[in-house]
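Please examine the sequence and the structure shown below. The paragraphs that follow lead through selected strands, helices and individual residues.

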Amino acid sequence: MKKILLIEDNEDFRLNTTEILELNDYEVITASNGVEGIEKAILTKPDIIICDVMMPQLDGYGVINILTKNPETSSIPFIFLTAKAEKTDIRKGMNLGADDYLLKPFDEESLITSIETRIARNQKIKSQILQAFVGQGAVIEEDSKHQDIKSLLEHKKTKCYKAKEELYREGDFAHYLYYVNKGKVKCQKTDSYGKTFVTQIINPEEFFGYMALLEGSEHNESTIALEDTEITLIPKKEFLKLIESNREVATLFIKLLTGNIKEKEEKLLQLAYAPVKERIARTLLNLCEKDGVHTLNISRDDLANIVGTAKESLVRNLSTFKSEGVIRTSGREITVLKPEELSRLIDLV
C-alpha cells in the first residue's frame with residue numbers, strides 16, 4: 001500500500017481528501033501545518049507528498065524548500081494544492097521542485113490520476129538509474145532527461161583484478177567511481193605504527209570510491225581485491241556531470257555517503273568501548289547478513305583487521321566459539337551455526 005503525506009491546514013478539506021485517498025487504497029498520514037508536515041515527512045518517508053500552498057507558520061513553498069535540501073526527502077514526488085492559479089505562483093513552485101499543481105476544488109479523478117502518474121514516474125526514474133549503474137542492459141528512453149544515463153552506459157569500462165591486487169592506494173588522486181560486478185574488495189587504512197585496519201568490505205553490486213570524487217580529494221584509504229574481482233570503472237567527469245544534472249542520482253549517492261559515515265562512526269565507537277569478544281560476534285553477524293550467507297570465506301588476518309584486534313586474540317576467541325558449538329571452522333571458512341548465541345552475547349556484554 002502506497003503511503004501519502006497530506007499537509008493541509010483546513011480540517012474539513014483535510015478529512016474529505018483523506019477519505020477519498022483511503023477509499024482508493026492509499027495509506028494517508030496527515031499534518032495540519034507546514035512544520036508538522038516536515039517532521040512527518042522525515043519520520044515516515046512517504047511515497048508522495050500533497051501540500052497546500054497557503055498555511056500558517058510555514059507555507060507550502062517553505063515546506064518544499066526544506067524537504068528538497070534534505071537527502072532523505074529530496075526525491076519524494078511533491079504535489080501542490082492551491083486556490084490560486086497565477087502563472088507566477090505555479091512557476092515558483094515548479095522552480096522549487098514541485099512535480100504538479102492541483103487547483104482547488106478538484107475532482108477525485110484528477111487527484112488520483114496526478115498521484116498515480118507522479119508515483120509511477122518516480123519509480124521509473126529510480127529503476128532506470130539503478131539499472132543504468134548496475135549495467136543490466138536496461139533500455140533507456142530516448143527523451144532528453146535520460147540521455148545522461150544512456151551516455152554513462154555507453155562509456156563504461158570493465159577491469160579484472162586478481163586476489164590481493166591493489167586497486168588504488170591511500171593518497172592516490174581519485175579518477176573513477178568503482179562498481180563491483182563480481183568478487184569482493186576490502187578498504188583499509190594503515191596507522192603510523194604500521195597497523196592495518198579494514199574499514200569496509202565491498203560486495204557485488206556495490207559502489208565505492210565516491211567519497212573522494214564528491215570531496216574532490218585524494219583517496220583516504222587503500223583498496224585491495226579479496227578474490228578475483230571484476231570492476232566497472234565510471235570516469236570521474238561523467239559521474240560528476242550526472243549527479244549535477246540529475247537530482248535522483250545525487251540523492252542516491254548522498255544516502256550512500258551518509259550511511260557509510262554512520263557505519264564507520266559506529267565501528268569506531270565499538271573499537272573504543274566494546275570488548276573483543278563482542279566485536280568478533282558483531283563482525284561475524286554483520287558479514288553474514290551483508291553476504292546473505294552463514295559461511296564466510298575470509299583470512300584470519302583480514303578478519304582480525306576488521307575487528308580491530310590482534311590475530312592471536314581473534315583465533316583464541318574463535319576457538320572458544322567453536323568449542324561452544326556456535327561456529328564451525330574449516331581452513332579459511334567460518335560457518336555460523338548459532339547466530340542467536342552471537343546476538344545474545346552482544347546483548348549481554
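Tyr178 has Phe208 as its bridge partner in β11. The model in which this pairing appears is a predicted one. Strand β8, residues 176-182, is joined to strand β11, residues 207-208, by 2 bridges, and the two run antiparallel. β8 also pairs with β13, again in the antiparallel sense, and here over 6 bridges. Within that pairing, Leu177 has Ile234 of β13 as its bridge partner.

Strand β13 spans residues 229-235 and includes Thr232. Is Thr232 buried or exposed? Its relative accessible area is 8%, so Thr232 is buried, given that the term applies under 20%. The side chain of Thr232 makes a polar contact of 2.7 Å with the side chain of Asn181. Beyond its neighbours within four places in sequence, Thr232 is in contact with Leu177, Tyr178, Tyr179 and Asn181, and also with Lys156, Lys157 and Thr158.

A second region to follow is an open sheet of 4 strands. Its order is β7-β12-β9-β10, and the pairing is antiparallel. The edges are formed by β7 (166-168) and β10 (196-202), each of which pairs on one side only. Direction ignored, neighbouring strands of this sheet are turned by 30° against each other on average. At one edge, β7 pairs with strand β12 (residues 222-225) in the antiparallel sense over 2 bridges. Glu166 stands opposite Ile224 of β12 in this arrangement. Helix α11, residues 300-307, packs on the sheet and touches both β9 and β10. The direction of α11 makes about 95° with that of β10.

Within the same region, strand β9 covers residues 185-190 and contains Lys186. Which class of exposure does Lys186 fall into? Its relative accessibility is 10%, and Lys186 therefore counts as buried. The side chain of Lys186 makes a polar contact with that of Asp302, at 2.4 Å. Asp302 is also one of the residues that Lys186 touches when those up to four places away in sequence are not counted. The others on that list are Val198, Gln200, Ile201, Ser222, Thr223, Ile224 and Leu226.

Helix α11 has a further partner in helix α12, residues 311-323. In general, two packed helices are described by the angle between their axes and the distance between the axes. For α11 and α12, the axes come within 9 Å and cross at roughly 100°. The two helices are therefore roughly perpendicular to each other, since that term covers angles of 65 to 115 degrees. From α11, the contact is made by Arg300, Asp301, Leu303, Ala304 and Val307, and from α12 by Lys311, Leu314 and Leu318. Classified by residue type, this contact has 5 nonpolar and 3 charged residues, and no polar ones.

Arg300, a member of that helix contact, also leads to Glu333. Glu333 has its place in strand β16, residues 333-336. The residues Glu333 and Arg300 are 33 positions apart in sequence, with a C-alpha to C-alpha separation of 9.6 Å. Arg300 is among the residues in contact with Glu333 once neighbours within four places in sequence are left aside, together with Thr295, Leu296, Asn297 and Arg328. The relative accessible area of Glu333 is 36%, so this residue is partly exposed, a class that lies between 20% and 50%.

Two elements from earlier in the sequence complete the path. Strand β1, residues 3-7, is mostly covered, with 5 of its 5 residues buried. Lys3, Leu5 and Ile7 point one way from β1, whereas Ile4 and Leu6 point the other way. β1 pairs in the parallel sense with strand β2 (residues 27-31), over 5 bridges. In this pair, Leu6 stands opposite Thr30 of β2.

Helix α3, residues 60-67, is likewise mostly covered: 6 of its 8 residues are buried. These buried residues are Gly60, Tyr61, Gly62, Val63, Ile64 and Leu67. Which residue caps the N-terminal end of α3? Asp59 does so, with a side-chain oxygen 3.2 Å from the backbone nitrogen of Tyr61.

Conventions. Residues numbered from 1 in each chain as written. Predicted model: local features only at pLDDT ≥ 70, side-chain atom pairs only at ≥ 80, totals over all residues. Heavy atoms only, no water. Buried < 20%, exposed > 50% of the residue type's maximum accessible area, 1.4 Å probe, protein only. Polar contact = N/O pair within 3.5 Å; in protein donor to acceptor, adjacent residues only side chain to side chain. Contact = heavy atoms within 4.5 Å. Pairing = 2+ DSSP bridges. Axes fitted to C-alpha atoms, helices over the stretch in contact; angles between N-to-C directions. Parallel < 35°, antiparallel > 145°, perpendicular 65-115°, else oblique. Nonpolar A, V, L, I, M, F, W, Y, C, P; charged D, E, K, R; others polar.
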